[in-house]
Amino acid sequence: MGDLMGDTTATRTGSVSRKTNETSVSVSVNLDGTGTSEISTGVGFFDHMLDQLSRHSLIDMEIDVKGDLHVDDHHTVEDTGIAIGQAISKALGDRRGIARYASLDLAMDETMTKAAVDVSGRPFLVWNVSFSAPKIGTFDTELVREFFNALAQNAGITLHILNHYGANNHHIAETCFKSVARVLRIATEIDPRQANRVPSTKGTLA
């Protein structure tokens, strides 16, 4: 996938390859996709969450990760968040013409979670989510926050996630991914009334 060159008529895609002593990560995204994905991180629950992120944002994602899972899942999850964020930032280019803002309450059975985003160029995460257990299956619940922090910092977005209530930890995690997906879909879409204008009185979202 090629990178956006600042023209909203171009395909808004971005690709990142990242290799360290801990992980090897390859990510490609298409902001104007249909939510199709090919995902392999070696962490089953995380793959499921990333599939939700792609499906409900309508961002096509190709993600291939080889990590030091013999240590734990931390490096794999965090480095995947870094690479997805960087790929989204590349695909956004100068963020010309986007809606920029979105906020949504998302319900899933007994759980409700709110996500709000400003695709501002200014990275920040506000996290108000608690889990009642340290693990969902074999997956560390604290890694949900680590993923979204890495995503926000590297995509250059302000992201607020608030879990209103919920009893099932799987549902709480899943509503975080789904609600973020939905606000990313709305905020990164091209607003026809913006034309090629950067949605800021500053004239830049860099």
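In which sense do strand 5 and strand 6 pair, and over how many bridges? The legends below describe a predicted model.

**View 1. The pairing of strand 5 with strand 6.** Strand 6 covers residues 111–118, and its pairing with strand 5 is antiparallel, over eight bridges. Within this pair, K114 of strand 6 has D105 standing opposite.

**View 2. The open sheet of four strands.** The strand order is 5-6-10-7, with mixed pairing. Strand 5 (101–108) and strand 7 (124–128) form the edges, each pairing on one side only. From one strand to the next, the twist averages 10°.

**View 3. Helix 3 packed on the sheet.** Helix 3 spans residues 142–155 and touches strand 7 and strand 10 (158–165). The directions of helix 3 and strand 7 make an angle of about 155°.

**View 4. Helix 4 packed on the sheet.** Residues 169–188 make up helix 4, which touches strand 5, strand 6, strand 7 and strand 10. Relative to the direction of strand 5, that of helix 4 makes about 150°.

**View 5. The surroundings of N169 in helix 4.** N169 has a relative accessibility of 12% and therefore counts as buried, the cut-off being under 20%. The side chain of N169 is joined to that of S132 by a polar contact of 3.0 Å. With neighbours within four places in sequence left aside, the residues in contact with N169 are F131, S132, A133 and I136.

How values were computed: Residues numbered from 1 in each chain as written. Predicted model: local features only at pLDDT ≥ 70, side-chain atom pairs only at ≥ 80, totals over all residues. Heavy atoms only, no water. Pairing = 2+ DSSP bridges. Helix = DSSP H or I, 4+ residues; strand = E, 2+ residues; numbered from the N terminus. Axes fitted to C-alpha atoms, helices over the stretch in contact; angles between N-to-C directions. Contact = heavy atoms within 4.5 Å. Buried < 20%, exposed > 50% of the residue type's maximum accessible area, 1.4 Å probe, protein only. Polar contact = N/O pair within 3.5 Å; in protein donor to acceptor, adjacent residues only side chain to side chain.
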